[in-house]
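Reader: I would like to learn how to read a few features of a model. Where do we begin?

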Amino acid sequence: MRAWVEVNTENLKFNISQLRKMANNREILGVVKANAYGLGAVEVSKILKDAGVHFFGVANFEEALELRNAKIEEKILVLGASFEEDYIEAQKQKDIHLSISSFETLEFIKNNNLSVPFQLKVDTGMTRLGFNLNEIKQAITFCKNNNLNLKGIFSHLSDAAPITDSSYSFTLEQINKFKDACLDCNLEYIHISNSAGMTNFSEYIVGNLARAGLGMYGFSGDKKDPRLLNVFTIKTKIIHIKKASKDSFVSYGRYYKLKTNETYAILPMGYADGMKKYLSKGGYVLVNNIKCEIIGNICMDMTMIKIPSEFVNSIKIGDEVTVINRDIIDSLNIPELCTWDIMTSLGRRVKRIFV
Ligand SMILES: *Cc1c(COP(=O)(O)O)cnc(C)c1O
C-alpha cells in the first residue's frame, strides 16, 4: 500500500463514551458530514451506531441520502441550508430533519403543505445561517400556528476552542442568548454544543442533545484532549532515498537547501493525498519513531524529508512512515494548521482502513 489512514474503532467508541460524559449524559448527535471528516461516512456511522449514537448530522441533503442508501435508518439532521427541491425530496424520506433559517422557507413549507420534519437554526454569534435573535420567537410561533412539523431548535458556537478570555465570555454569551431564544419553546430537540462545547464548556451547555464532530477523533480544537484517545493515523512508506551530491535546492520554488552529502527520502504522498502544503513550514513525520523534517515544497504526489545524519544507515526504502497522528498535529506550531482541514483533505488515493 502506498498511503493509508488507520482508524482505530475501539478508540473512536471510547471517545464517544467520554464525550457523552462531558455532555452530562445528553444524547450525542454524531456529525458525519464531509464523508465523516474524510474517514468514510458509512463506515464511521456504523461504528457510531454500535457506540449508541442514533442521530447523525450531515452538511446537506445529498449526504443524508448517502446514509439512507447504505441502509442507515437513524434520524439525520441536515445542519446546513437546503434548496426548495430538497424539501420536496426530503418529504419522501423518513426522519431526515432539515434546518430552516428564514421565513421565506417557512412560507414555502406552509404553502406547499409539506410535512417534512425540520429544526430552526438560530444565530447567536456565528453570523452564518440562522434566524436572528429578534426573529426566532416569531418563527416558532409561525410554525406552531400553522401546525408545521417543527422538531427542534439549535445554534452553533463559533469560538469555543481554544479558550481565551474573550472567547470564554463570548461563548457564555452565546449560550445565554440561546437559552432566551428557546425559553418555553417545548420542542423535542434543543442543542447548541459542538465538540469544543463538550470539552471546554461542559457545565454550561444547555438542551438535550450535543453534536460531536472533531471531538470524536480526540481533539479539542487543534489540540489533543487528554481525556480522549488518538483515532486516526495517516501512514505511508519510503519509496526512494538519495544523497545530495552537492549543495542543492529541494523541490519547486527552490526554497530549501540541502548541503552536500545530506541524505533525504521521498514519500509517495503529496497534497493531492492530503499533505497540506503548509506542513512544509515546520512539519515532520516519524520513521521508526525518528523525527524527520519535511523539506522543500510539498508536491502533488510526493513529499521530501531529511534523514538525520545519525540514522542514514538504519532508515531504508519501504520503511513505514507515520505522517500524521494526534500527537504530531498537537505538537505543530503552524499558524495555518487546522485539524478539520487536514482530515477533510485526505485524498481519494489514501486507503481507509478500520482496525
Ligand atoms: C460541523 C458542525 C458541528 C461539529 O463541529 P465539531 O467542532 O467538529 O465538533 C456541529 N454543529 C454544526 C452546526 C456543524 O456545522
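Author: With disulfides. A disulfide is a pair of cysteine sulfur atoms within 2.5 Å. This is a predicted model: local features need pLDDT of at least 70, side-chain atom pairs count only at pLDDT 80 or more, and totals for chains, interfaces and linings use all residues. Residues are numbered from 1 along each chain as its sequence is written, and side-chain values use heavy atoms, with hydrogens and water left out.

Reader: How many disulfides does the structure hold?

Author: Zero. Cys-182 is in no disulfide; its nearest cysteine sulfur, in Cys-185, is 5.1 Å away. That is too far for a bond.

Reader: Is Cys-185 buried or exposed?

Author: Buried means under 20% relative accessible area, exposed over 50%, partly exposed in between (1.4 Å probe, protein chains only). Cys-185 counts as buried because its relative accessibility is 3%. Cys-182, at 10%, also counts as buried.

Reader: Where does Ser-280 lie?

Author: Strands are DSSP runs of E, at least two residues; helices are runs of H or I, at least four; both are numbered from the N terminus. Ser-280 lies in the loop between strand 16 (263–267) and strand 17 (284–287). At 8% relative accessibility, Ser-280 counts as buried.

Reader: Which residues does Ser-280 touch?

Author: Contact means heavy atoms within 4.5 Å. Leaving out residues up to four places away in sequence, Ser-280 touches Tyr-255, Ile-294, Gly-296, Asn-297 and Ile-298.

Reader: Where is Tyr-204?

Author: Tyr-204 sits in the loop between helix 9 (195–200) and strand 9 (209–212). Tyr-204 counts as partly exposed, because its relative accessibility is 32%.
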